[in-house]
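Reader: I should like to study this model step by step. May I put my questions in order?

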Amino acid sequence: MERERGPRDTVQGSDQMDFRITADDRVGGQPGRKAKPAQRSASGKSRERVEPSMGRAVGVFVDDERSGGAAPASKGKRPAPAKRGKASPPRRPKKPARRRSGAGGFLIGVLHWGFVLCLWAGIAIAGVIVYYGAQLPSSDTWTVPDRPPNIRILAADGQLISNRGQTGGEATVLRELPQYVPAAVLAIEDRRFYEHFGVDMIGLAAVAVESVQAGRVTRGASTITQQLAKNLFLTPDQTLGRKVQEALLAVWLEQSYSKEEILELYLNRVFFGHNSYGIEAAAQTYFGKSARNLSLGEAAMLAGSLQAPSRLNPKSDPAATAARQKLVLNAMAEEGYITREEAQAAQIDPDHTIRTKVAGSESYVADWVESLMTAYIGDIEGDVVVSTTIDWDLQKQAEFIVREAVATEGPKRGFTQGALVAMDVDGTVRAMVGGVDYQASQYNRAVTAKRQPGSTFKPFVYLAAMEKGYTPDTLAEDAQFEYQGWSPRNASGKYAGTVTLRQGLAYSLNTVAARLAIDVTPQTVIDTAMRMGISSPLTPVPSIALGTQEVNLLELTSAYAPFGNGGMGVIPNVITRIESKDGKVLYEASNAGPGRVIAPNILAEMNDMLETAVEVGTGKGANLNGWSFGGKTGTSQESKDALFVGYTARMVTGVWLGNDDNTKTTLSGGNVPAAIWSQFMTKAHEGLPVTQIPGGAPDAATSQPVAQTVFDPTTGQPAIDPATGQPLVQYVDPTTGQPVDGYAGAAAAPSDPATGLPPDASQNAQTGAPIDPATGLRTGVIIDASGQQIDPATGYPVGQVAPSADSAPIDPETGMPMQLVVDPATGQQVWVPSQPLQAPTQQWEQPQGQFAPPEPVETFAPPQPVEAQPSYQGDRQQRTLMDIIFGD
C-alpha cells in the first residue's frame with residue numbers, strides 16, 4: 001500500500017504533472033485583477049500553463065518558492081522556472097536545536113535554568129531572612145549592652161592582686177595596645193575585615209568550595225563583626241536561625257559603628273578561656289601582665305586561642321597553643337603585619353615550656369573581697385578599684401611557708417591542706433592563705449571552712465571564769481568526773497590532781513576547762529566568745545569548753561586580737577577604700593569598733609596564763625626571739641584539725657592544718673602549726689621594735705612563790721603539820737606551776753589584833769582580799785550565784801567585816817558552823833568546815849619532788865547519757881576550792 005506523501009515529497013514516475021498557481025489562485029487574492037503575462041523562459045518562449053489531468057502522476061512542485069526550481073516540460077522537457085516580481089525563493093524553516101552545535105545549546109540551557117534556580121533560591125533566602133529577622137526586636141531598640149563591671153583589687157602598696165567580676169579584667173582602648181595585638185587577631189580571624197560589610201561573601205564562597213571538596217565543613221566563615229554580634233546579642237546555638245540573625249546584626253553593627261570601634265568592642269568582649277573575657281583579662285590570667293605589655297609571641301598565642309579558647313590556651317594545652325601560635329605568626333607575615341624574621345623570632349622554642357602566671361594565695365583574698373562588695377557599696381554599676389590592707393610581701397611569705405610545711409610534713413603526718421590568717425591587733429588583715437594551691441582548689445579554708453577549734457577555744461572559757469572572780473592561781477582538780485552523763489577526759493589518760501588555772505590552761509587540761517564551763521554556765525562562755533569576736537552560731541552545752549563547735553579561722557584569729565591590743569574588740573577588715581574608675585570615693589574604712597571587751601585587770605590575768613602556755617605549756621614549740629607573746633594550741637578529736645593561734649602587741653596570727661575530707665592525722669597544735677606560726681611571725685616582726693604584751697606572766701626573777709594549802713583527803717580539811725600544829729602549806733612557782741622545795745615563805749609578821757591580818761594588809765581589811773602589788777588588783781575574789789563578790793578569806797561579800805567565831809557561817813554541806821583558822825603563809829583567817837566530809841578512804845601521801853604536768857592533751861570525749869551529780873575519780877583526790885563550788 002502506498003504511504004501518503006506530504007507536500008514536500010517528490011514523486012517520480014514515467015508521467016509527471018506540472019501546474020502553476022497564479023496570484024488570483026492565492027488565498028486572499030483580488031478577484032478580477034488581470035494577471036500578469038507569463039514570463040518567458042531563458043530561451044525566450046513563454047511558459048504555458050499545464051492543467052492537471054486525471055490518471056497522471058503528480059510530479060514535483062515547480063513553484064520556485066516551494067521547490068526552489070522549475071519543473072520539466074510536459075513533452076519530456078523540464079519547463080523554465082517561472083518568476084514573479086522580485087521575490088526571492090523561500091527558505092526552509094530552521095530548527096534551532098537542530099542547527100546549533102551540542103556544546104553551545106547545553107551552555108545556554110545551563111545558564112537558563114541556573115538563572116531560574118538562582119531566582120527561586122533568592123526568593124527562598126529572602127523569605128528565610130524575613131522570617132528570622134521578624135523574630136528580632138525592632139532595630140530602633142538595638143543597642144550594644146554595657147560590659148559587666150570589673151573589680152580591680154590592689155594590695156596596700158598598689159600592686160594588683162587580681163581582677164574580679166564576670167569578665168575577669170578591665171576594658172582596654174584600642175590605641176593603647178601594641179599594633180601587633182589587633183593585627184594578630186585580624187590575621188587569623190578576619191583578613192578582609194576592612195573590606196566587607198559585616199558578612200564576608202568571598203570567605204563564605206571559599207569555605208563552601210573547601211567543604212564540598214572535603215565532604216565536610218572545614219572551617220567557619222564568621223567575620224569578627226558576626227562573632228561580636230553573637231557575643232553581644234545571641235546564644236551560642238549552632239542553628240540556621242541564629243546564623244541569619246547573626247548576619248543581620250553584623251550588618252547593623254557595621255552601619256552603626258566604625259571598624260575601629262567594632263574591633264575594640266570585640267577585643268574587650270571575646271572569650272579567651274579560664275573565665276577571661278577580653279584581651280586585658282587574658283593577659284592578666286595567662287601572663288600576669290597588662291595587655292599593653294604583651295609581647296608579639298604572647299599576642300599570637302592569645303589570638304590563636306580564639307578558635308577554641310577552652311582548649312587552645314597556654315594553661316590547658318601548651319603544645320597545641322605553640323602550634324597555633326606558629327600559624328598566627330605566619331599569617332601575620334603573609335598579610336604584611338610583620339616580617340618573616342620577626343615571625344620566626346617570636347615563635348616558642350619547642351624545648352622550653354610556656355611560662356604562664358600561676359594564681360597564688362592572693363586569689364583567696366580576691367575572692368573574699370569580691371564577696372564583700374555588695375555589703376559595702378550595694379550593686380556595682382561600673383568598674384571599681386578596691387584598695388586593701390594586704391601586705392604583698394607578707395602574703396607571699398605566708399603562702400611559701402604554708403606550702404612548704406604541707407609539702408614536707410604532710411606525707412609524714414597525714415595532712416594535705418593548710419590555712420593562715422594574719423592581722424594587726426587592730427583587726428587589719430595583712431595576709432591570708434586559704435589553701436596550698438588555688439588552681440587546684442578555690443575553697444577558702446580561712447574564711448569559708450568551719451572546723452572544730454579544739455583547745456584554742458579554751459581562753460574564752462577561762463576569760464569567763466576570770467570575770468567571775470577566779471584568778472590564775474585558783475586551784476582546780478584535774479580528775480575525771482561525770483556531769484549529766486558527760487565525762488570529759490584527758491587524751492593521755494593521765495591526771496595531775498590539784499593544779500592552778502594557769503597550769504590548766506597551759507597544759508590544756510580538758511577536765512579543768514570543763515569544770516569552769518559548767519560553773520560559769522555554757523551560755524556565759526558563748527556570750528564571752530561572741531563579745532570577743534566569734535560570730536558563728538554556738539549551742540550552750542558543757543562540751544563547748546573543749547572547742548567542739550565549729551568556727552572559721554578568720555573569726556577565731558580576730559577573737560584573740562583583744563589580748564594583744566589592750567582589751568579592745570576588733571572587726572576583721574581588709575578593705576580600706578573603694579573608688580569608681582573616675583576616682584569617685586564609694587567607701588572608705590573608719591576606725592570604729594566594738595570598744596573595750598576585756599577589763600584591764602582581767603586582761604593581765606589572761607595574758608599571764610596565755611604567755612605561760614607558750615613558755616612551758618603545749619605551745620612551747622612556738623618561739624619569737626625577743627618578743628613577748630601569748631598563744632594557745634588546739635587539736636580536735638582524732639587530730640582531724642590542728643591549730644595554733646598566737647599574738648604579740650603588734651600582730652595576731654592563726655594557723656590551721658588538716659584534710660578537706662576530715663580524716664584524722666598525727667598532728668597536734670604544738671608541732672607543725674606552732675612551727676608555721678613561728679616562721680611567719682619572725683618574718684613579720686623583722687625590723688620592728690620589741691613591745692611587751694599588756695600584763696603578761698610574772699617575771700620569774702622577781703615573782704614570789706604562791707602558797708597552796710594541802711587538804712587531807714580523809715577529812716576534807718587542811719592537813720595539819722604535827723610539828724607546828726598549823727595547816728600544812730606547799731609553795732608553787734607561779735611561772736611554772738611546780739612546787740618550790742625549801743621555800744619557807746615570808747618572815748612571820750605580827751598580826752593586827754583588830755583584823756587578824758599582818759600590819760601591811762590591815763588597810764585592806766574593810767575591802768576583804770589584799771591588793772596584789774604587781775597589778776594593783778584584789779586577789780582571790782569569787783563571784784557567787786547571785787553575782788556578789790565573795791572574799792575567800794572571810795566567806796562573806798567583799799566589804800563586810802569578818803564575822804567573829806560566834807557568828808560563823810554555816811557549811812551548806814553539813815549544816816554546821818564553819819571553823820575560822822589562820823593561814824600561816826598569809827596571816828589571813830580562813831573559814832573551813834568544822835566537821836569532816838565524806839571522802840574516799842584511801843591513804844593520803846604528800847607528793848614528793850617536783851610537780852609533773854601531764855602531757856599536752858587537747859581532745860575530748862562526746863557527751864554520754866545524762867546523770868544528775870558529778871562524781872570524781874583519780875589517784876589524787878584533794879579538797880579544793882573547785883570541789884567546794886561543785887558541792888562535793
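Reader: How many residues lie between β10 and β11 in their hairpin?

Author: Strands are DSSP runs of type E with at least two residues, and helices are runs of type H or I with at least four, both numbered from the N terminus. Gly583 is in the turn of the hairpin and has a positive phi of about 95 degrees. The number of residues between β10 and β11 is four.

Reader: What kind of model is this, and which residues are used for local features?

Author: Residues are numbered from 1 along each chain as its sequence is written, and side-chain values use heavy atoms, with hydrogens and water left out. This is a predicted model, in which totals for chains, interfaces and linings use all residues, side-chain atom pairs count only at pLDDT 80 or more, and local features need pLDDT of at least 70.

Reader: Over how many bridges do β10 and β11 pair, and which residue of β11 stands opposite Arg577?

Author: Two strands pair if DSSP finds at least two bridges between them. β10 and β11 pair in the antiparallel sense over three bridges. Opposite Arg577, in β11, stands Glu588.

Reader: In what order do the strands of the sheet with mixed pairing stand, and which strands are its edges?

Author: This open sheet has five strands in the order β2-β1-β3-β10-β11, and its pairing is mixed. Two of its strands pair on one side only. These edge strands are β2 (160–165) and β11 (585–588).

Reader: By how much are neighbouring strands of this sheet turned against each other, and at what angle does α13 lie to β2?

Author: Axes are lines fitted to C-alpha atoms, for helices over the stretch in contact, and angles run from 0 to 180 degrees between N-to-C directions. With direction ignored, neighbouring strands are turned by 15 degrees against each other on average. Helix α13 (residues 362–377) packs on the sheet and touches β1 (150–154), β2, β3, β10 and β11, where touching means a contact (heavy atoms within 4.5 Å). The direction of α13 makes with that of β2 an angle of about 50 degrees.

Reader: Which residue of β10 stands opposite Val384?

Author: Strand β3 (residues 384–388) pairs with strand β10 (residues 575–580) in the antiparallel sense over five bridges. Opposite Val384, in β10, is Ser580.

Reader: Is Glu170 buried or exposed, and what is its relative accessible area?

Author: Glu170 is found in the loop between β2 and α4 (180–189). Leaving aside residues up to four places away in sequence, Glu170 touches Arg147, Asn150, Arg152, Asn163, Asn268 and Glu280. Buried means under 20% relative accessible area, exposed over 50%, and partly exposed in between (1.4 Å probe, protein chains only). Glu170 is therefore buried, with a relative accessible area of 17%.

Reader: How far apart are the C-alpha atoms of Glu170 and Ala281?

Author: Along the chain, Glu170 and Ala281 are 111 residues apart. Their C-alpha atoms are separated by 6.7 Å.

Reader: Why is one side of β5 and of β13 left without a neighbour in the sheet?

Author: These strands belong to an open antiparallel sheet of five strands, in the order β5-β4-β15-β14-β13. β5 (429–433) and β13 (630–635) stand at its edges, so one side of each lacks a neighbour in the sheet, each having a single partner strand.

Reader: Which residue of β14 stands opposite Gly630, and which helix packs on this sheet?

Author: β13 pairs with strand β14 (residues 641–647) in the antiparallel sense over six bridges. Within β14, the residue opposite Gly630 is Tyr647. Touching β13 and β14, and with its direction at about 65 degrees to that of β13, the helix that packs on the sheet is α20 (residues 600–615).

Reader: How many aromatic pairs are there, and why is the pair Phe193 and Tyr194 classed as it is?

Author: Rings of Phe, Tyr and Trp (its six-membered ring) pair if their centres lie within 6.5 Å; planes under 30 degrees apart count as stacked, over 60 as edge-to-face and the rest as tilted. By this rule the count is 13 aromatic pairs. The centres of Phe193 and Tyr194 are 5.0 Å apart and their planes stand at 80 degrees, so this pair is edge-to-face.

Reader: Which class has the pair Phe271 and Tyr277?

Author: The ring centres of Phe271 and Tyr277 are 4.8 Å apart. Their planes stand at 35 degrees, so the pair is tilted.

Reader: What is the relative accessibility of Phe193, and which residue has its charged end over the ring?

Author: Phe193 counts as buried because its relative accessibility is 0%. A charge sits over a ring if NZ of Lys or CZ of Arg is within 6 Å of the ring centre and within 35 degrees of the ring normal. At 4.6 Å from the centre of the Phe193 ring, the charged end is that of Lys259.
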